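Welcome! Please take a look at the fold below, and then we can walk through its sheets and its enclosed spaces together.

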Amino acid sequence: MKQYDQVYYRALAILLLMFTGAVLVINSLTPGKVLSESENRMLQQLPAFSLQTLGSGKFTSEFEAYIADQFMERDFWIGLKSDADQGLGKKESNGVYIGKDGYLIQKFSPPEKGDLADKMKAVQAFDQATPGLRKYMLLVPTAAAVLEDKLPPYASGGDEKVYWDKIKDSPLGDIRWIDVSPVLEANKEQPVYYKTDHHWTTQGAFLAYRELGAPMGFTPKHEADFNIHQVTSQFYGSLYSKSGFRHVQPDSIELYDPKTPGNISVDYVDEQQRADSMYVMENLTKKDKYTVFFNGNHGLIRITTGNPDGRRLLIVKDSYANSLIPFLTTHFSEIDVIDLRYYEGDVLKLTEDRQIRDLLILYNMTTFFEDPSIKSLADSVE
């Protein structure tokens, strides 16, 4: 019996070595992929070797990431692992919960110690340097906080609310806080968040737009003022890509077209390109269909509308704003939109040069906690 076991394990070891060797050979002969369509992210490329990167450990960590990213039939193995995890009843993968009614919900991660305080100091410094600006701050709760009833029993979105309250209760000076949590929670049985993506839907953005009206001094439109039409029913978003959960239904994307359209000009300043629409319809054929709004994120976008009242608005934002901005074009003559992750200019100088009188800071909670570029608001006032 012992001899049989030895033969069995020896054969198993040989098969494992043969499989590993075959994988290494195939990997070495297969051109590396740059982009993972299913995960919607850039893949690690073969790192350059040097004694310095080897000694620091950078080469080793990047090489491990390279092997993981370029592994033979990687998408197949990810899907297989996801199927096995779901079969075992696992409800979380790579920081994403699979919740009730087919919702994928990103796990809340609290900010690093002291990071939130530093960001609020930057916001406060900018506020003190701009007494002539009417300023508004809208931090959108994520699905984890609003759709807490969709989370698995052991998960909670309550921690996000704790930090949200800390920001709300901090000294905001002349910045007016805009709370859209009640309207999102009151409509949470409607599709206000995508099921496979971390963004709110166009309907969720519309509800928030209507909450902006009174504090920002404009009369918001009603749903009856728009032709609402579905432009795709095959949207698999960022959480689908990140989690590896595959047996979920795709989302739909809707656009709200005004029944009385106005003239729109969109200048992508850094790219020196101009468009006559806020929507890039050809992106609906791509993996990241959310980029139908403004072709994704850019350092500076300048929108000129047919509104004659002369109000100019600056929006400092993340991608949550992309689906809300079209609603605001009815109420402002010009809207400058900056994403601090890509913008290299001086924000204070921009407000002065453009004679801007209204500023909206719009982020979702996760990005506000994770994005270090927000601290750059203080750079322009030092």
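The report below covers the overall make-up, then the two sheets, and then the cavity and the pocket.

**Overall make-up**

Please keep in mind that this is a predicted model. The protein chain contains 13 helices and 15 strands. Of its 382 residues, 48% are buried. The contact pattern leans towards long range: counting contacts in the protein chain between residues at least 6 apart in sequence, 70% link residues at least 24 apart.

**The eight-stranded sheet**

Let us begin with the sheet of eight strands. This sheet is open, its pairing is mixed, and its strands follow the order β7-β6-β15-β13-β14-β12-β10-β11. Strands β7 (175-177) and β11 (273-275) form the edges; each has a single partner strand, so one side of each has no neighbour in the sheet. From one strand to the next, the twist averages 20 degrees.

Within this order, β13 sits beside β15. Strand β13 spans residues 312-317 and strand β15 spans residues 358-364; the two run parallel and are joined by five bridges. In this pair, Ile315 faces Leu360 of β15.

Further along, β10 lies between β12 and β11 in the strand order. How is strand β10 placed, with its faces covered or open? Both faces of β10 (residues 265-268) are covered, with Ser265 and Asp267 buried on one side and Val266 and Tyr268 buried on the other. On the β12 side, four bridges connect β10 to residues 300-304 in an antiparallel arrangement, and Val266 stands opposite Ile303 of β12. On the β11 side, β10 is paired in the antiparallel sense over three bridges, and Tyr268 stands opposite Gln273 of β11. Strands β10 and β11 form a hairpin with four residues between the strands, where Gln272 adopts a positive phi near 55 degrees.

As general background, the strands of a sheet pair through backbone hydrogen bonds, in either a parallel or an antiparallel way.

The bridged pairs described for this sheet are gathered here.

| Strand pair | Sense | Bridges | Facing residues |
|---|---|---|---|
| β13 and β15 | parallel | five | Ile315 and Leu360 |
| β10 and β12 | antiparallel | four | Val266 and Ile303 |
| β10 and β11 | antiparallel | three | Tyr268 and Gln273 |

**The three-stranded sheet**

A second open sheet has three strands in the order β3-β4-β5, with antiparallel pairing. Its edge strands are β3 (92-93) and β5, each of which pairs on one side only. Two bridges tie β3 to β4 (residues 96-98), and this pair is antiparallel. Here Glu92 has Tyr97 of β4 as its bridge partner.

**The cavity**

Strand β5 leads us from the sheets to the enclosed space. How many cavities of 30 Å³ or more does the structure hold? There is one, and the volume of the largest cavity is about 100 Å³. Its lining comprises 15 residues, with Gln106, Thr142, Ala143, His198 and Leu239 lying nearest the centre. Both β5 (104-106) and α6 (143-146) supply at least two residues each to this lining, and β5 gives the most, with three residues. By class, the cavity lining has eight nonpolar residues, six polar and one charged.

Two of the residues nearest the centre of the cavity, Gln106 and Thr142, are touched by Thr366, leaving aside residues up to four places away in sequence. Thr366 belongs to helix α13 (residues 365-370). Why does Thr366 count as buried? Its relative accessibility is 16%, and buried means under 20%, so Thr366 falls in that class.

**The largest pocket**

Helix α13 also takes part in the largest pocket: α13 and α10 (238-243) each supply at least two residues of its lining. The largest pocket has a volume of about 670 Å³. In total, 31 residues line this pocket, and those nearest its centre are His198, His199, Ser238, Ser319 and Arg341. The largest share, four residues, comes from α10. The pocket lining is made up of five nonpolar, 16 polar and 10 charged residues.

One residue links the two spaces: His198 is among those nearest the centre of the largest cavity and also among those nearest the centre of the largest pocket.

Key
Residues numbered from 1 in each chain as written. Predicted model: local features only at pLDDT ≥ 70, side-chain atom pairs only at ≥ 80, totals over all residues. Heavy atoms only, no water. Pairing = 2+ DSSP bridges. Axes fitted to C-alpha atoms, helices over the stretch in contact; angles between N-to-C directions. 1 Å grid on protein atoms, 1.4 Å probe; cavity = no way out; pocket = protein on both sides within 12 Å on 5 of 7 lines; lining within 4 Å. Points joined across faces, edges and corners; volume = space filled by probe spheres on them. Nonpolar A, V, L, I, M, F, W, Y, C, P; charged D, E, K, R; others polar. Buried < 20%, exposed > 50% of the residue type's maximum accessible area, 1.4 Å probe, protein only. Contact = heavy atoms within 4.5 Å.
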